[in-house]
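User: I'm new to reading protein models, and I'd like to learn how helices and single residues are described. Can we go through some cases together?

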Number of protein chains: 2
Amino acid sequence: MSIRIGIYGYGNLGRGVELALTQNDDMQAVGVFTRRDPSTLKTLTGIPVYTADEVKKYANDIDVMILCGGSATDLPTQTPALAEHFNVVDSFDTHAKIPQHLLAVDTVSKKSGKTAIISAGWDPGMFSLARLYGETVLPVGETYTFWGKGVSQGHSDAIRRIEGVADAKQYTIPVQSAMQAVREGKNPTLSTAEKHERECFVVAKEGADKARIEREIKTMPNYFADYNTTVHFISQEELNEKHGGLPHGGVVIRSGETGGAHKHVVEYSLKLDSNAEFTASVLVACARAVYRLNGQGVTGCKTILDIPPVYLSGKNREELIEKLL
Amino acid sequence: MSIRIGIYGYGNLGRGVELALTQNDDMQAVGVFTRRDPSTLKTLTGIPVYTADEVKKYANDIDVMILCGGSATDLPTQTPALAEHFNVVDSFDTHAKIPQHLLAVDTVSKKSGKTAIISAGWDPGMFSLARLYGETVLPVGETYTFWGKGVSQGHSDAIRRIEGVADAKQYTIPVQSAMQAVREGKNPTLSTAEKHERECFVVAKEGADKARIEREIKTMPNYFADYNTTVHFISQEELNEKHGGLPHGGVVIRSGETGGAHKHVVEYSLKLDSNAEFTASVLVACARAVYRLNGQGVTGCKTILDIPPVYLSGKNREELIEKLL
């Protein structure tokens with residue numbers, strides 16, 4: 001019998017989960033839950049749409065609910081609320097607030113006898129695993145995370161809020177010389193701004209002062225002021241055509257030394273054409289693990305760092321050991 | 001109280017374990033067990049040397065025994081035998097025989113109430129994890145393992161057995177064009193020989209026929225015949241000076257597509273100055289996990305694919321979640 005999955009929220013991530021489920025034979029999508037009017041939504045694969053208000057009615061029809069809302073306002077309340085009735089998986093990615101989110105979900109799910117994995121995706125998620133394995137096998141060393149090349153939605157939004165800007169896309173790009181120094185085992189001390197540069201493609205409104213827009217971008221505190229920032233003004237057509245996707249990725253590097261003064265470099269990198277679809281794919285693997293753990297009576301809130309790797313796979317342990325070990 | 005580790009066997013790997021233990025505060029080396037005369041061995045850090053014959057006497061003094069023998073003849077008998085009395089970790093790396101080794105160790109350790117991890121290191125080991133995570137988050141795709149650049153001891157030995165060869169070192173090198181095609185998401189079909197080339201540094205004996213030696217190397221079945229092989233004749237001095245180390249490494253690449261026809265490439269690479277010391281460092285992290293699992297009453301034989309990542313780390317879970325997730 002396949003694992004029955006509910007999708008809570010239907011933006012880019014929810015659609016990604018719907019598609020990821022078609023690639024995993026042991027799982028099936030029960031439906032999408034939305035706060036919008038269900039009749040206004042049409043799903044990619046034709047799965048039904050239900051109103052989020054009635055989600056509790058489906059408690060017996062869903063093995064794991066995958067939450068596809070945002071970290072700023074949706075997940076902090078939705079994940080604990082749904083954990084009262086469902087096993088849940090989310091991609092909560094506000095790093096500083098993970099411990100408090102974990103505690104909130106853990107408290108509810110332990111009481112309800114459910115199992116949760118929070119903060120799944122690629123960072124937090126696969127990059128967190130790379131950081132943990134890296135420092136564990138090389139306890140004396142340094143860990144570096146580089147993001148990009150990829151679109152930062154937060155930075156793109158920040159540019160769009162500037163007066164005179166019609167549209168914008170911002171790419172975060174690792175500084176190649178910094179990455180090279182790390183790869184060579186030089187263990188440099190690097191701030192986030194020294195590791196990344198920012199490239200902005202901006203559509204100015206008719207008659208807007210481009211020099212002022214560029215200045216406002218480059219001097220914006222936190223977002224751009226500390227970074228080497230490049231601004232290109234282009235047409236809306238060019239933006240749509242060349243910068244329509246949401247690619248992302250990055251690299252985690254652990255550089256360390258073992259006891260005999262030998263150097264070692266461990267590198268984990270992702271090159272993703274669709275941030276949302278890859279994140280969705282990780283969420284789906286975590287849903288499988290949640291289902292299995294709950295079946296074994298393990299309850300409460302976990303993270304991907306807690307999960308035995310074999311639990312994430314649709315294949316059985318014997319096959320994995322024989323073919324992949 | 002720190003975890004008390006025994007080191008069984010004292011070659012390159014055993015010395016690597018001894019050194020790795022000095023980098024992990026929560027563990028201590030109890031001593032080395034050897035089949036040689038203990039009085040002939042001097043350890044790097046001054047830890048005591050005992051005779052392997054009396055290892056059972058130390059059953060109460062050692063929390064985990066790390067086996068540092070070879071996969072061909074040592075580990076198949078030693079790991080099951082020691083699992084009768086100790087929690088054990090080994091680096092058994094004959095891929096085709098892992099299932100039967102696992103079964104042998106599992107049977108003994110379940111009966112004795114002990115816990116084991118076999119086949120830890122980098123391949124099998126960290127590369128196995130990369131293959132598992134890769135195919136789990138991208139179920140539709142291909143996985144590629146490239147080894148090198150690094151010294152293959154088996155191939156170096158094979159050259160040294162040729163008449164007229166005084167000494168030799170063989171490097172396995174990934175074929176850059178093949179790796180590039182994989183990185184670009186082209187999912188080519190590649191044999192091991194199409195993924196690797198072989199570079200040999202050979203010291204010929206006085207008066208030996210170099211042309212014949214080169215021919216014998218290049219036509220040697222299994223080892224070289226199928227590969228693009230380069231042979232350089234050099235002096236013993238140059239071999240010692242420039243090719244004295246045992247570096248190794250490689251890359252695991254998973255290239256796949258998600259439902260919306262988006263491509264993704266996941267890459268895990270290792271660049272190791274000392275194959276033995278890095279392997280030893282992984283064994284030590286696994287010893288920690290074995291100790292914890294046994295303390296929780298989990299017995300039998302595991303692999304690194306079964307281990308919750310947090311169990312490998314010397315830091316506590318809360319700290320790992322806060323700092324690395």
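User: In this model, which helix does α1(B) pass in a right-handed crossing?

Analyst: In this predicted model, α1(B) makes its right-handed crossing with α10(B). Here's the general idea: two packed helices are described by the angle between their axes and the distance between the axes. For α1 (residues 12-21) and α10 (residues 275-295) of chain B, the axes come within 8 Å and cross at roughly 55 degrees. That angle makes α1(B) oblique to α10(B).

User: Which residues meet there, and how do they divide into nonpolar, polar and charged?

Analyst: From α1(B) you have B:N12, B:L13, B:G16, B:V17, B:L19, B:A20 and B:L21. They meet B:A276, B:E277, B:T279, B:A280, B:S281, B:L283 and B:V284 in α10(B). The residues of this contact divide into nine nonpolar, four polar and one charged.

User: Let's try another pair. At what angle do the axes of α2 and α3 of chain A cross?

Analyst: Roughly 15 degrees, and the axes of α2 (residues 75-83) and α3 (residues 98-112) come within 8 Å. Angles under 35 degrees count as roughly parallel, so α2(A) is roughly parallel to α3(A). The crossing is right-handed. On the α2(A) side, the residues are A:L75, A:P76, A:T79, A:P80 and A:A83. Their partners in α3(A) are A:H101, A:A104, A:V105, A:V108, A:S109 and A:S112. This contact has seven nonpolar residues, four polar and no charged.

User: Now for a single helix. Which residues of α5 in chain A are buried?

Analyst: In α5(A), residues 153-160, the buried ones are A:H155, A:S156, A:A158 and A:I159. They cover an arc of only 160 degrees around the axis, so they sit on the same side of α5(A). What do they pack against? The partners are β8 (150-151), β9 (165-174), β10 (196-204) and α8 (210-218) of chain A.

User: Can we zoom in on A:H155? Why does A:H155 count as buried?

Analyst: Buried means under 20% relative accessible area. A:H155 has 13% relative accessibility, so A:H155 counts as buried. Leaving out neighbours within four places in sequence, A:H155 is in contact with A:Q170, A:R198, A:Y223 and A:F224.

User: And how do I read a residue with contacts from elsewhere in the sequence? Take A:A287: what does A:A287 touch?

Analyst: Compare places in the sequence with places in space. A:A287 is in α10 of chain A, and at 0% relative accessibility A:A287 counts as buried. Not counting residues up to four places away in sequence, A:A287 touches A:I5, A:M27, A:V64, A:I66 and A:V89. A:A287 and A:N87 are 200 residues apart in sequence, yet their C-alpha atoms are 8.4 Å apart in space.

User: What about the backbone? Which residues does a cis peptide bond join in chain A?

Analyst: Look at omega: it's about 0 degrees for the cis peptide bond between A:G148 and A:K149. A:K149 is in the loop between β7 (141-147) and β8 of chain A. Chain B has a cis peptide bond joining B:G148 and B:K149, with omega about 0 degrees.

User: Last one: is B:S119 buried or exposed, and what is phi of B:S119 near?

Analyst: B:S119 is buried, with a relative accessible area of 0%. Phi is near 60 degrees, a positive value in a residue other than glycine. You'll find B:S119 in the loop between β6 (115-117) and α4 (126-137) of chain B. A:N187 also has a positive phi, near 45 degrees, but A:N187 is partly exposed, with a relative accessible area of 31%.

Note on methods
Residues are numbered from 1 along each chain as its sequence is written. Chains are lettered from A and ligands numbered from 1 in the order in which they are written. This is a predicted model: local features need pLDDT of at least 70, side-chain atom pairs count only at pLDDT 80 or more; totals for chains, interfaces and linings use all residues. Side-chain values use heavy atoms; hydrogens and water are left out. Buried means under 20% relative accessible area, exposed over 50%, partly exposed in between (1.4 Å probe, protein chains only). Helices (H or I, at least four residues) and strands (E, at least two) are DSSP runs, numbered from the N terminus. The arc is that of the directions from the helix axis to the C-beta atoms. Contact means heavy atoms within 4.5 Å. Axes are lines fitted to C-alpha atoms, for helices over the stretch in contact, and angles run from 0 to 180 degrees between N-to-C directions. Angles under 35 degrees count as roughly parallel, over 145 as roughly antiparallel, 65 to 115 as roughly perpendicular and the rest as oblique. A crossing is left-handed if the near helix is turned anticlockwise from the far one by less than a right angle, and right-handed if clockwise. Ala, Val, Leu, Ile, Met, Phe, Trp, Tyr, Cys and Pro count as nonpolar, Asp, Glu, Lys and Arg as charged, and the others, Gly among them, as polar.
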